[in-house]
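Colleague: I am new to this model. Please put it on screen, then take one part of it for a close look and fit the rest around it.

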Amino acid sequence: MSLLEAIIMGLIQGITEFLPVSSSGHLALFQIAFDLEETGLLFDCLLHFGTLLAVFAVYFRDIWKMICEGFGIIGDFFINAATAVSRLAGNKKKQYRRIICNGYRKFVMLVIVSTIPTGIIGVAASDLIEQASTILIVPGICLIVTSVLLFIADRCKEGQKTPRHVSYTNAFIIGICQGFATLPGISRSGTTITACLLSGFDRKFAVKYSFIMSIPAILGSVVLQLFKLGEETVTQTDWINYLAGTLVAAIVGYICIKIMLYVVRQKKYTIFSVYCLIIGVISISAYFVLA
């Protein structure tokens, strides 16, 4: 892979991971259209790492508070376990602590609940997803599905839900939606934000939840890919190209998250809906023309 190809791939990853047009679908279409060789699992991992950096940069304060409260949840769980033992021993005065006692702790639990179905679907369908990325018609059909979802998102009623008001059932359903979004052409951000809006989320929180809940999903995907690396040979030139692509993905991803915050608040999804529809129709047509 040349430096230019690595930069283009990083650009595509950064734009399409956060804008609701499907990163996997566009990367698959780019590779098929230009007959690129397999980029390798390592480069794939690094591109996803780049977009993770963008999420951390935008939501650093929220993520840091969630990490702290996550450890607080674990600490209070063990304290309550010790309290249970103490009460069994006869000390009835000792009271249990309320574990989910603030918005950030609820946020942590919601993300965990969403991650469970995503992980199950991702692992169970990994081979199917890998094969689907090599067939031009699949990203095309999935992009049309994304177009429909985005059309719906702009027409959702204004919601008011913040972490305190979101149910775990909402979180689980959104996690299922994120799991299906692993198909090439189904936008992860578009699907999850639409699911959040249909569940009555506040629009700004819908974007935040979508991007922060992507962290364990992307990390899980990267870990699975790392197990498959085997003895992939990487030259010094490859490393330079890979790092350039990663940096581009991170910078462009940061900009695109900021754009998405504006897009969702202003209900500007329709332009992306039309774009996905056009690209999807072109992809399906190309499949039959080139077959």
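Modeller: I start with charge: the mean positions of the 23 positive and 17 negative charges of the protein chain lie 25 Å apart. Lys and Arg count here as positive and Asp and Glu as negative, with His and the chain ends not counted; each charge is placed at NZ of Lys, CZ of Arg, CG of Asp or CD of Glu. The model is predicted, so local features need pLDDT of at least 70 and side-chain atom pairs count only at pLDDT 80 or more, while totals for chains, interfaces and linings use all residues. Residues are numbered from 1 along each chain as its sequence is written, and side-chain values use heavy atoms, with hydrogens and water left out.

The setting comes next. The protein chain has 13 helices and zero strands, so its elements run as α from the N terminus to the end (helices, H or I of at least four residues, and strands, E of at least two, are DSSP runs numbered from the N terminus). The C-alpha trace spans about 75 × 50 × 30 Å along its principal axes. The radius of gyration of the protein chain is 21 Å, which agrees with the value near 19 Å for a compact globule of 291 residues; it is taken over C-alpha atoms, and the globule rule is 2.2 Å times the number of residues to the power 0.38.

Of the 291 residues, 47% are buried, where buried means under 20% relative accessible area, exposed over 50% and partly exposed in between (1.4 Å probe, protein chains only). The protein chain exposes about 14800 Å², and carbon and sulfur atoms supply 69% of that area; the areas come from the Shrake-Rupley method with a 1.4 Å probe, and for residues only the protein chains shown count as cover. Among contacts with a separation of 6 or more, 82% join residues 24 or more positions apart, a contact being heavy atoms within 4.5 Å.

The part I take closely is helix H8, residues 168-180. The 13 residues of H8 should span 18 Å at 1.5 Å a residue, and the end C-alpha atoms are 19 Å apart, which agrees; the expected span is 1.5 Å times one less than the number of residues. Asn170, Ala171, Ile174, Gly175, Gln178 and Gly179 are the buried residues to look for in H8. An α-helix has 3.6 residues a turn, so residues three or four places apart point the same way.

Gln178, in helix H8, counts as buried because its relative accessible area is 2%. What does Gln178 touch, not counting residues up to four places away in sequence? The list is Thr118, Arg188, Thr192, Met213, Ser214 and Ala217.

The loop between helix H7 (137-153) and H8 holds Lys161. Its relative accessible area is 25%, which makes Lys161 partly exposed. With neighbours within four places set aside, Lys161 is in contact with Val166, Asn170, Ser199, Gly200, Phe201, Asp202 and Phe205; Asn170 was listed above as buried in H8. Lys161 and Gly280 are 119 residues apart in sequence, and their C-alpha atoms are 33 Å apart.

Helix H9, residues 188-198, contains Leu197. At a relative accessible area of 4%, Leu197 is buried. Leu197 touches Ala153, Cys156, Arg203 and Ala206, again not counting residues up to four places away. From Leu197 to Gly253 the C-alpha distance is 22 Å, over 56 residues of sequence.

Some other helices, for orientation. H4 covers residues 60-88; its 29 residues should span 42 Å, and its end C-alpha atoms are 42 Å apart, which agrees. The buried residues of H4 include Asp62, Met66, Gly70 and Ser86. Asp62 counts as buried at 12% relative accessibility and, outside its neighbours within four places, contacts Tyr104, Lys208 and Ile212. Just after H4, Gly90 takes a positive phi of about 115 degrees. Helix H1, residues 3-18, reaches 23 Å from its first C-alpha to its last, close to the 22 Å expected for 16 residues. Buried residues of H1 include Met9, Gln13, Glu17 and Phe18.

Last, helix H13 (residues 269-290) holds Ile278, partly exposed with a relative accessible area of 46%. Ile278 and Gly140 are 138 residues apart in sequence but 9.3 Å apart in space, C-alpha to C-alpha.
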